[in-house]
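Reader: I've got a structure here and I'd like to understand what I'm looking at. Could you walk me through it?

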Amino acid sequence: MFRFLTAGESHGKGLVVIIEGIPAGLPISEDYIASDLKRRQGGYGRGARMQIEQDRAEIISGVRHGLTIGSPISLLIWNRDWENWQEAMSISPIEGEVELVTRLRPGHADLAGVSKYNFDDIRPILERASARETAARVAGGAVAKRFLEEFGIEIHSHVIAIGGCQAKTVVPIDWGKVEASSVRCADAEAEEEMVAAIDAAKKAGDSVGGTFEVVASGMPIGLGSHIQWDRRLDGQVAQALMSIPAVKGVEIGAGFGLADLRGSEAHDVIESGLRRLTNRAGGIEGGMTNGEPIVVRAALKPISTIATPLPSVDLKTGEKVRAHFERADICVVPAAGVIGEAMLAFVLAEACLEKFGGDHIEETLRNCRGYISSLKSKGGD
Ligand code: EPS
């Protein structure tokens with residue numbers, strides 16, 4: 001019903017995303033998509049590549065006169081850096097040889113990729129494993145977000161920790177402050193510490209990871225299902241977030257912290273209007289939304305391409321060497337939050353379409369309104 005695919009290599013001609021399943025009649029523009037692409041490119045700790053790129057997605061199909069027409073939406077982002085890689089990443093055979101990348105980088109896709117795909121060069125693996133691909137996800141995710149806005153669903157993200165520096169989270173989160181922050185963190189004191197941690201890692205030729213949180217508000221009750229394992233929304237959300245490069249942990253609501261509590265302390269008491277005063281469940285119970293905001297956190301390992309490379313092995317000679325190094329970011333946690341928003345948006349767009357269906361947005365919203373008004377008879381507000 002709803003699906004998306006991306007294509008493209010980091011230093012290839014460009015990135016493509018195809019999104020299928022968005023109903024007809026949804027207003028969407030390139031400017032709307034551009035705003036999320038810009039947010040993804042930012043964040044303190046990015047490398048020199050982001051000074052080369054100015055990501056903008058061209059809408060190639062699926063939109064007419066500013067409205068979706070129900071056919072697949074395809075978006076294209078040109079890689080500006082392609083100009084500098086025309087020989088190394090040439091589509092057609094080239095005369096002469098390009099230098100092979102053979103010193104495996106611990107933490108990257110290099111070793112498993114060359115083994116599995118039978119290459120003597122790491123380049124084709126690192127080109128697709130690169131987080132550059134997430135620009136396409138964010139462009140497609142913006143379309144999903146635009147669709148969700150029609151239901152009153154809004155998705156935001158913020159950084160919780162970088163390099164061991166933890167933010168104090170004050171609820172409700174001031175999203176204006178988050179967007180104005182160099183590391184997308186509302187806690188100004190923690191921001192200073194995070195920036196210092198990134199600077200120190202850079203100086204040491206190293207990298208840092210951290211955690212971010214994504215929040216989806218305005219959720220209707222009953223998206224997802226308890227009926228079958230693969231229909232549980234929490235499982236789908238975890239998979240989507242875990243698929244972001246460098247993510248090694250995902251938790252929903254109070255997550256791992258819930259394991260230390262008693263049942264009486266862990267669950268969110270149901271108040272009149274079917275609302276909760278706490279949200280330790282992170283908006284999902286029994287694999288379904290419970291009407292509270294969805295809150296999901298993801299932990300990123302530090303970037304695995306580091307300026308002081310770790311000991312490794314050369315693929316060509318089998319000798320012990322230092323790992324390959326090429327230009328890289330020091331920290332991508334602020335950008336990863338924006339990617340997390342896109343991934344959550346894809347999952348929720350699919351869940352909304354499953355619940356409300358519809359080939360035109362009017363039909364989808366009519367079904368949604370009918371469902372919401374039927375909930376009122378059960379005491380919902
Ligand atoms: C990446 C390495 C860097 C990052 C890149 C991901 O690129 P380059 O090797 O060209 O300097 O900047 O991320 C992006 C290009 C992006 O748009 O996010 C890697 O090895 O994963």
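Reader: Which residues are around the ligand?

Author: Keep in mind that this is a predicted model. A residue makes the list when one of its heavy atoms lies within 4 Å of the ligand. Going along the chain, the names are His11, Arg40, Arg46, Arg49, Met50, His108, Ser130, Ala131, Arg132, Arg327 and Asp329.

Reader: How many residues of that shell are charged?

Author: Sort the shell by residue type and you get three groups. There are 2 nonpolar residues and 3 polar ones. The charged group around the ligand comes to 6.

Reader: How far is the side chain of Arg40 from an oxygen atom of the ligand?

Author: Let's go through some polar side chains here. For Ser130, a polar side-chain atom is 3.5 Å from a ligand oxygen, and for His11 the distance is 2.7 Å. For Arg40, an N or O atom of the side chain sits from a ligand oxygen at 2.6 Å.

Reader: What percentage of the ligand's accessible area does the protein cover?

Author: On its own, the ligand has 460 Å² of accessible area. The space it takes is the largest pocket. The share of that area covered by the protein is 92%.

Reader: Why does the radius of gyration agree with a compact globule?

Author: Start with the chain, which has 381 residues. A compact globule with that many residues would have a radius of gyration near 21 Å, so the protein's value agrees with it. That value is 22 Å.

Reader: How many helices and strands does the protein have?

Author: The C-alpha trace spans about 75 × 50 × 40 Å along its principal axes. As for secondary structure, the protein has 11 helices and 15 strands.

Technical notes. Residues numbered from 1 in each chain as written. Predicted model: local features only at pLDDT ≥ 70, side-chain atom pairs only at ≥ 80, totals over all residues. Heavy atoms only, no water. Polar contact = N/O pair within 3.5 Å; in protein donor to acceptor, adjacent residues only side chain to side chain. Areas by Shrake-Rupley, 256 points an atom, 1.4 Å probe, with all protein chains shown as cover. 1 Å grid on protein atoms, 1.4 Å probe; cavity = no way out; pocket = protein on both sides within 12 Å on 5 of 7 lines; lining within 4 Å. Sits in = over half its atoms within 2 Å of the grid points. Nonpolar A, V, L, I, M, F, W, Y, C, P; charged D, E, K, R; others polar. Helix = DSSP H or I, 4+ residues; strand = E, 2+ residues; numbered from the N terminus. Rg over C-alpha atoms; globule rule 2.2 N^0.38 Å.
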